[in-house]
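Please open the model in your viewer and keep the sequence panel beside it, so that each selection can be followed as the tour goes along.

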Amino acid sequence: MAASVVTEKDLAYQQCIVPSCGATYDVGEVRTSCDACGALLDVVYQWDALPVPKSLSDFETKWSRRNEPLCRSGVWRFHELLPFAPPEKVVTVGEGQTPLSPSDGVADYVGMSRGQLFLQYEGMNPSGSFKDNGMTAAFTHAHTIGAKRAACASTGNTSASLALYCCVSKLMQAVIFIGSGKISYGKLSQALDYGALTIQIAGDFDDAMQRVREVSSRLGIYLVNSVNPFRLEGQKTIMFRVLESLGWEVPDWIVVPGGNLGNSSSFAKAFHELKALGLIDRVPRLAVINAKGADTLYELYESRGLRWRGGMPNIEVLDNYYAELDSAHVRADTIASAIEINRPVNLFKCLRGLECMDGVVREVTDQEILDAKAQVGASGFGCEPASAASVAGARMLRSEGVINPNERVVCILTGHQLKDPTATVAYHTSDQKEFDRVLGSRGVSRAAFANRAVQVDNDLDAIVRAIQLNS
Ligand code: F0G
């Protein structure tokens, strides 16, 4: 009798996140929602039949094999924890080589004891943001099913990442949808340079998201936004690397900016799975930080009490909220353009994650975001505005006493400083007009940590005097 061959198909499948539905779909299907009830999908594994390491430290053996692409990648060296595709199909550009560093400068600013605040610097990814963690996974899935085009709506980072994977691998064409005037030049320049077909629509991210879903379904283009459950599998590895850097010890808090809520959802899935597998003994608490100008999660979770309730959220609360936004013509508006989103596609997964990780949600103003960003920069880890929401949020939770100064806190810095230099330069500028033009209309009235350029004549003595005066 021939031995039966167990394939990825048997070991991974897609499943509706609503427990009372639980419909399942083949791992090779391309879908972003459940046919039966319309909810989001998870990638689920038959762990019993898979070679899961006995201890997380078993992954350390891969460090000595860093010449192998799948061991070098900070995503795929954890392949056993996201085993939905065979190794030979994996498309990697060396993503996930990102450091976790303690920052005493930021700890002082947040009000933590020194040594207790860590920054997970995802800006070090090949396209400059955490998106590469998820993109390598979604792109790999797209490759396994033979996709030739891949699309996304984006505030700029997802599109930069997709464009990068397409142009490096030459396996697919990137089709990206962005809102007009809503994308920073750093990010737009990446998509253009990498050769993506760039569709700039008259509208914002929420409009672009709706359109890309329609277009992908009409033209059969593979969609890589975080409604794609494979994206979130890759993003789980950010948490694996955090644990790895902490000697596999679980921190007390993970603090992350909230936009489309893919990260927060994937982090909760990561910890839930590790605990179920017996690889960790507790999960950290989760804090998701909205920008005040794009605060749907905060409003629903903290003000209106919307909860996952084991898969039975009160949908009416959400419907009423969106109806209110529509009737008042409210649009998301924040300097943190990456998270300028009012209709987060992963809302329900995030609610489930908040339940699993005893989570809290906060909103921070643009002023708080930019001040926190300047402090992150002054401590040596530049980040884009959206990323600094995590630090501003940690500071708020610390001042409320929700976070204890001696707890161990990890703030995720989601994107590189050079993604959005306009906001940074405007904050530091001494030109009031430029400050007002970029920041003023958004309620940013002061730059507490501005590092002003010194204007000086092109004259040797004047330059020397300026340096002596400012040293
Ligand atoms: N930080 C940065 C730098 C981002 O680019 C994004 C999302 C987020 C945070 C929010 O993460 O969606 O997982 O809650 N950017 C998406 C984009 C929307 O199109 O690049 P999330």
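The tour below goes from one selection to the next and says what is found at each stop.

This is a predicted model, in which local features need pLDDT of at least 70 and side-chain atom pairs count only at pLDDT 80 or more, while totals for chains, interfaces and linings use all residues. Residues are numbered from 1 along each chain as its sequence is written, and side-chain values use heavy atoms, with hydrogens and water left out.

**The three-stranded sheet**

Begin by selecting β1 (residues 12-16), β2 (24-26) and β3 (41-45); strands, like helices, are DSSP runs numbered from the N terminus, with at least two residues (E) for a strand and at least four (H or I) for a helix. These three strands form an open sheet in the order β2-β1-β3, with antiparallel pairing, where two strands pair if DSSP finds at least two bridges between them. β2 and β3 stand at the edges with a single partner strand each, so one side of each is left without a neighbour in the sheet. On average, neighbouring strands of this sheet are turned by 35° against each other, direction ignored. Between β1 and β2 there are three bridges in the antiparallel sense, and Gln 15 can be found opposite Thr 24 of β2.

Next, select Ser 57, which lies in the loop between β3 and α2 (69-72). Ser 57 has a relative accessible area of 30% and is partly exposed; buried means under 20%, exposed over 50%, and partly exposed in between, with a 1.4 Å probe and protein chains only. If you draw a C-alpha to C-alpha distance from Ser 57 to Pro 126, it comes to 26 Å, for two residues 69 apart in sequence.

**Aromatic rings and charges**

Now display the side chains of Phe 139 and Tyr 165. Rings of Phe, Tyr and Trp (its six-membered ring) pair if their centres lie within 6.5 Å, and planes under 30 degrees apart count as stacked, over 60 as edge-to-face and the rest as tilted. By this rule the model has nine aromatic pairs. In the pair of Phe 139 and Tyr 165 the ring centres are 5.8 Å apart and the planes are at 40°, so this pair is tilted. Phe 139 belongs to helix α4 (residues 131-144) and Tyr 165 to helix α5 (residues 157-169), so the pair ties together parts that are 26 residues apart in sequence. Phe 139 is buried at a relative accessible area of 0%, and Tyr 165 is likewise buried at 0%.

Elsewhere, Phe 59, Phe 78 and Phe 240 form one aromatic cluster. For charges over rings, select Arg 31, whose charged end sits over the ring of Tyr 25 at 4.0 Å from its centre, and then Arg 343, whose charged end sits over the ring of Tyr 322 at 4.4 Å from its centre. The rule here is that NZ of Lys or CZ of Arg is within 6 Å of the ring centre and within 35 degrees of the ring normal.

**The six-stranded sheet**

Move on to the open sheet of six strands, in the order β4-β5-β13-β10-β11-β12, whose pairing is mixed. The edge strands, each pairing on one side only, are β4 (100-102) and β12 (360-364), and the twist averages 25° from one strand to the next.

Zoom in on β10 (residues 253-257), where five of its five residues are buried. Trp 253, Val 255 and Pro 257 point one way from β10, whereas Ile 254 and Val 256 point the other way. β10 runs parallel to β11 (residues 285-291), joined by five bridges, with Val 255 opposite Ala 287. Five bridges also join β11 to β12, again in parallel, and in β12 the bridge partner of Ala 287 is Val 360.

**Two loop residues**

Which non-glycine residue in the loop between α8 and β10 should you select? Trp 248 lies in that loop, and has a positive phi of about 70° although it is not a glycine; at 15% relative accessibility, Trp 248 counts as buried. Finish at Leu 261, in the loop between β10 and α9 (262-276), which also has a positive phi of about 70° without being a glycine and is buried, with a relative accessible area of 3%.

How values were computed
Axes are lines fitted to C-alpha atoms, for helices over the stretch in contact, and angles run from 0 to 180 degrees between N-to-C directions.
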